[in-house]
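Reader: Hi! I am new to protein structures and would love a close look at one part of this one. Could you take me through its aromatic rings slowly?

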Amino acid sequence: MQFLLTKNIVNDGDSIFIFDFSEVKNELEHVTAFEVQGEDIAMYLDNYVSRKPNEQELALIEDILAKYKELKESTELDRAKALKLYELTQKAQSFEDNLNKSMYFISSVFVEKEVQKDDETTETIKEHLIINGDRRTRSNIQDLITYQPTDNVIYRDYENIERTLTKDELKIILKEHVVNGQMLYNQKWEYEAKINACTTIEELNAIEIKFTMHDFSKEE
């Protein structure tokens, strides 16, 4: 029976189960998989070396085996819930990535822009900035606020357009970064509650996990 930590799956020879190893990956550092054959347990490391687990690792593996047994003996609905929760976890974890182009938000910060109307006159409109919401962008904005010597800063938004912003505007955007991230996790917790509340496979399959980025322009 194989427990593949890097793929989050268990292969018992008859079936393949999705199994979330995220809670033990730090403790089982450099372990890519382990294999159980009767009383024998072998661990495989990321340097292609195999060895027996030590006492601490063995305790973790025994806990995993107990949880796997519970999963295998659970109902079809329970297994489907575990799979849906794993999908949710994977999508939510991407928000922790240093670079994530699918993570962005519409800021309350705007620039004024003149546009031509159908009658050929012009009007001034607000063009709200679209901001990358990942960790790298948040760090870059913090650096601009801290180290840029002038109050006006050249900043490239999500659409790679150069904007001239003040440090106060950057501080607003930085706060919105934090709020957007928290709102994404609020959505994750709401999905968790919905998934756990399902009483049928049909209810579960009807749940589409789709995160919504925040629009701060609607809060003016």
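Reader: How many aromatic pairs does the count come to?

Author: Happy to help! This is a predicted model, in which local features need pLDDT of at least 70 and side-chain atom pairs count only at pLDDT 80 or more, while totals for chains, interfaces and linings use all residues. Residues are numbered from 1 along each chain as its sequence is written, and side-chain values use heavy atoms, with hydrogens and water left out.

Now to the rings. The count comes to nine aromatic pairs. Rings of Phe, Tyr and Trp (its six-membered ring) pair if their centres lie within 6.5 Å; planes under 30 degrees apart count as stacked, over 60 as edge-to-face and the rest as tilted.

Let us start with F3 and Y68. Their ring centres are 5.6 Å apart and their planes stand at 80°, so this pair is edge-to-face. F3 belongs to strand β1 (residues 2–4) and Y68 to helix α1, so the pair ties together parts that are 65 residues apart in sequence. Helices (H or I, at least four residues) and strands (E, at least two) are DSSP runs, numbered from the N terminus. F3 counts as buried at 0% relative accessibility, and Y68 is buried with a relative accessible area of 6%. Buried means under 20% relative accessible area, exposed over 50%, and partly exposed in between (1.4 Å probe, protein chains only).

A second pair to find is F105 with F216, edge-to-face with 5.5 Å centre to centre and 80° between the planes. This pair links distant parts of the chain, with F105 in strand β7 (residues 104–116) and F216 in the segment after α5 (201–205), 111 residues apart. Both F105 and F216 are buried.

Back at F3, ring pairs join F3, F17, F34 and Y68 into a cluster. F3 and F34 also appear among the residues with the most contacts inside the largest nonpolar core, which has 19 residues. Such a core is a set of buried Ala, Val, Leu, Ile, Met, Phe, Trp, Tyr and Cys residues joined through side-chain atoms within 4.5 Å. The elements giving two or more residues to this core are β4 (31–37), β5 (40–45) and α1 (55–72), and α1 gives the most, with five residues.

One more ring is worth a visit: K101 lies over the face of Y158, 4.8 Å from the ring centre. A charge sits over a ring if NZ of Lys or CZ of Arg is within 6 Å of the ring centre and within 35 degrees of the ring normal.
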